[in-house]
Amino acid sequence: MVALGILLSRVVGLVRTRIFGHYLGTGDAADAFTTAFRIPNILQNLLGEGALSASFIPVYAGLLNRDDPESARKVARAVGALIALLTTLAVAVGVLAAPWLTDLVAGGFEGEKRALTVRLVRILFPGAALLVLSAWCLGILNSHRRFFLSYAAPVSWNVAMIAALLGWGPSSDPEQLVRYVAWGSVAGSLLQVLVQLPMVLKVLGGLAGSMRGVSQHVGIVMHNFGPAVLSRGVVQISAYIDTLIASYLPTGGQSSLGYALTLYNLPVSLFGMSVSAAELPEMAGDEGAGEERSAYLRERLRLGLRQIAFFVVPTTWTFVFLGHVVVGALYQSGRFTASDTNFVWAILAGSSLGLLATTLGRLYSSTFYALHDTRTPSLYALVRVGINVALGWFLALHAPRLLGVEPRWGAAGLTIAFSITGWLEFGLLRRALVRRIGTPAPNKGYLLRLWTATGTAVIVGWSLLLVLGDLHPIPRAVAVLGAFGFAYLGMTLALKVPEAAALLRRVRRRAGQPA
């Protein structure tokens, strides 16, 4: 249900990005909006889903599993009030400090491009605060195993932005249009909260309450919240330094990076986040102790890792070897040209080299959170950021000159650095968790079978691509990616991969056929 909700919201998000690219391409206005969106988004990334999931869900789900729903409700209300206070103060500071934040994150922007970015930052800040409250709703609903609504709620946010693009896109210049889209984003953020609120009110019985009798539990949440925010914070510092570096690239660097990361984040959310989000309440709610609990966590971790890898391995190969097919089908229209398609493909391929590490790493982090340990993931995130900043700076701003290529290709250097450090963080998380709970049962030959199936599927896809020749991007993508998918599923079935057989059974049940 998590994956279905995420898929729905991400598909609508891709539609939004395609329309955005059609009207705005990779020009100055697109760069300004992409950068401005990232600045207030620090609120959502610092205080929102990641930090709340790590600190709030284990405590809240634990109280529910101990049959203490009244204490759970009190904790949820208290945490919601504290989050609302923090975000209100942060919005006020953000709006006032918008010019300085813009200079800090996009020091390469000058003149009207900088001024437009500042205006957009001020519009977008309240929307980011609303998205933090949406993450609070998500934590509550996830703990009650009501997964779909929370992850489908961003559909309303995307629809509001699409309405702004379609309503004003044909008649507005790029600078005017991005302002309308920013206001659409704020309206969509409010809708995202409102669609979840009735269900939240139903399970909480209202929002009014006190911390009487639950101050200890709230204290645990806030104690774990600090390291979780630090973990998200250092990752955000890395992201904003990447944004700062990209601001010194030629026009189009920022927006192209944004287009690529939209695609990259799809499998991260759809497979890494969905499995991790579904597993966290289950892991946190287990009442076992000692070796019994460790064995339970090892088995859930093993199965979760297999499930993620089954989908992420072929996605990685698709983005690396057939990324131009994906990018062309989704974005190539209007101001977004074939040259832009190849450029975004290169950036996407660079980030995809670390896709498996990033998605598997999310499940390792969730396992630490279930153990009420938010410090270990924070420490390794800090190590990753330090190395990523230095490596990204070199690959983005200096490697193109040393290699004799155009400076704009430094955007791909940024994503390659991100992939390298992603594998480093994954290795550190895995080693630490093995020391904590022991080594999960080995999946003998599992990855080898997935690589074999995916390699065969790539050959099938490229063969068809060569036969089709110069075809419109959309039918070309349908044919090539469809052939790739059927080849991968066929090979995994032939190689007796259990997840392939389970997927086929689910599809047959949905279609009303005997499993």
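**Exercise 1. The second largest cavity**

Determine which helix gives the most to the lining of the second largest cavity, and how many residues that helix supplies.

Solution. Step one is to go through the lining, which consists of Phe37, Pro40, Asn41, Leu124, Gly127, Ala128, Leu131 and Ser185; here a cavity is a set of points on a 1 Å grid over the protein atoms alone where a 1.4 Å probe fits but cannot get out, and lining residues have an atom within 4 Å of a point. Step two is to assign the helix: α7 (residues 111-143) contributes the most, with four residues, helices being DSSP runs of H or I with at least four residues and strands runs of E with at least two, numbered from the N terminus. The model is a predicted one, in which local features need pLDDT of at least 70 and side-chain atom pairs count only at pLDDT 80 or more, while totals for chains, interfaces and linings use all residues. Residues are numbered from 1 along each chain as its sequence is written, and side-chain values use heavy atoms, with hydrogens and water left out.

Step three is to add the volume and the chemistry. The second largest cavity holds about 60 Å³, a volume being the space filled by probe spheres set on grid points that are joined across faces, edges and corners. Its lining has five nonpolar, three polar and no charged residues (Ala, Val, Leu, Ile, Met, Phe, Trp, Tyr, Cys and Pro count as nonpolar, Asp, Glu, Lys and Arg as charged, and the others, Gly among them, as polar). A search of the whole structure finds two cavities of 30 Å³ or more.

**Exercise 2. The largest pocket**

Describe the largest pocket by its volume, by the residues nearest its centre and by the classes in its lining.

Solution. The volume of the largest pocket is about 1,600 Å³; a pocket is an open set of grid points with protein on both sides within 12 Å along at least five of seven lines. Its lining is made of 42 residues, and those nearest its centre are Leu7, Leu270, Phe271, Phe311 and Thr315. At least two lining residues come from each of α1 (2-24), α12, α13 (290-321), α14 (323-331), α21 and α22. Sorted by class, the lining comprises 33 nonpolar, six polar and three charged residues.

**Exercise 3. Burial in the chain and in two helices**

Work out which residues of α6 are buried and which exposed residues lie on the face turned away from them, and then examine α2.

Solution. Start with the whole chain, which has 22 helices and zero strands and in which buried residues make up 56% of the 515 residues (buried is under 20% relative accessible area, exposed over 50%, and partly exposed in between, with a 1.4 Å probe and protein chains only). In helix α6 (residues 98-105), the buried residues are Ala98, Pro99, Thr102 and Val105. They lie on the same side of α6, because they cover an arc of only 140 degrees around the axis, the arc being that of the directions from the helix axis to the C-beta atoms. Turned away from this buried side is a face that carries the exposed residues Trp100 and Leu104. Helix α2 (residues 28-38), by contrast, is mostly covered, since nine of its eleven residues are buried, among them Asp31, Phe33 and Arg38.

**Exercise 4. Four single residues**

For Ser247, Lys113, Phe319 and Lys496, decide whether each is buried or exposed.

Solution. Ser247, in the loop between α11 (215-246) and α12 (253-285), is buried because its relative accessible area is 6%. It touches Val105, Ala106, Gly107, Gly108, Phe109 and Gln254, not counting residues up to four places away in sequence (contact means heavy atoms within 4.5 Å). Ser247 and Phe109 are 138 residues apart in sequence, yet their C-alpha atoms are 6.4 Å apart.

Lys113 lies in helix α7 and counts as buried because its relative accessibility is 16%. Neighbours within four places in sequence aside, Lys113 is in contact with Asp28, Asp31, Ala32 and Thr251.

Phe319, found in helix α13, counts as buried at 6% relative accessibility. Its contacts, again leaving aside neighbours within four places in sequence, include Leu263, Tyr264, Pro267 and Trp345.

Lys496, in the loop between α21 (473-494) and α22 (498-510), counts as exposed at 67% relative accessibility. Most residues other than glycine have a negative phi. Lys496, although not a glycine, has a positive phi of about 60 degrees.
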